Amino acid sequence: MDKLLLKLWRFVPSGETRKEDLADILELSSKQTARYLKKWAEEGWFRYTAGSGRGKVSTLFWLRDAEEVFMQHAVKIMEQEPVEISSKYLLFDWSDGAKQLLLERFRSKFGFSQNSGEIAKLIIPRRYKLATMHPLEMADVHSAHFVATVFNRLVRVDDTGNVSPELAHSWDLSWTHLRLYLKKGVKFHDGSILTAEDVAECLNRMRTYPNFKELWEPVISISVPPRSLSICTFPAAAAIACTCSA
């Protein structure tokens, strides 16, 4: 796609014109303008007849809709290429209608969109496919970032090792027991309420999963006592962080 050709299409209709005016529009010298006009005419964009002598009237008749052709190409690039490549075409000198259509297509690929109903979606394009989206099978940085964004844990740990609440609002810890108190009203994406049974199931699934089985060997049991409390029981002097991706 040629930004200068699109600019010419936008501001010069078919008919009589002057090469000096075309040079001013393209912000080029007279010789550069002549070279571009010859090149574009040979590519079949228009027929151009130069006026004989300085200041004489020339004629230019468009044979193809440059903006329509470029729009189709830009849409294809937005569908196939990363946003850092496709976004630069939004800076071309499009007409207002074309720019609006391209912006909507660009937003549908990257960002937040919502239809006429209540369903909304956040689309985050990635150049490379994730190795896994399973929270118990992540083994690379990209998959870990995805899991950290989509799934919630009982607690979060920052870079300095400080533990803060997430799904669990507080906890009681002794040498042999960890008692977790869950936040009320936490919902899954389908609107169902998170329960202590859900948390216990996730923890037990992690405890028996091959990738984590050795780490969770000190845990004797995970249960849901009255008042919806999740309890992990450990042998004496054992220590472990109970986490859950739900």
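Glu-166 is buried in this predicted model, its relative accessibility being 14%, and because the cut-off for that class is under 20% relative accessible area, the residue falls on the buried side. Its partner in a salt bridge is Arg-156, with 3.7 Å between the closest N and O atoms. Arg-156 itself has a relative accessible area of 42% and is partly exposed, so this ion pair joins a buried carboxylate residue to a partly exposed arginine.

The placement of these two residues along the chain adds to the picture. Arg-156 belongs to strand 6, which covers residues 155-157, while Glu-166 sits in the loop between strand 7 (163-165) and strand 8 (168-173), so that the pair ties together parts lying 10 residues apart in sequence.

A salt bridge within one helix is found between the side chains of Glu-201 and Arg-205, where the N to O distance is 2.9 Å. Both residues lie in helix 8 (residues 196-208), and their spacing of four residues corresponds to about one turn of the helix. Glu-201, at 45% relative accessibility, counts as partly exposed, and Arg-205 is likewise partly exposed, with a relative accessible area of 44%.

Arg-18 and Asp-21 make a further salt bridge, in which the closest N and O atoms are 3.2 Å apart. Here Arg-18 is partly exposed at a relative accessible area of 33%, and Asp-21, with 30% relative accessibility, is also classed as partly exposed. The pairs described here are among the six salt bridges that the structure holds.

Conventions:
Residues are numbered from 1 along each chain as its sequence is written. This is a predicted model: local features need pLDDT of at least 70, side-chain atom pairs count only at pLDDT 80 or more; totals for chains, interfaces and linings use all residues. Side-chain values use heavy atoms; hydrogens and water are left out. A salt bridge is a side-chain nitrogen of Lys or Arg within 4 Å of a carboxyl oxygen of Asp or Glu. Buried means under 20% relative accessible area, exposed over 50%, partly exposed in between (1.4 Å probe, protein chains only). Helices (H or I, at least four residues) and strands (E, at least two) are DSSP runs, numbered from the N terminus.
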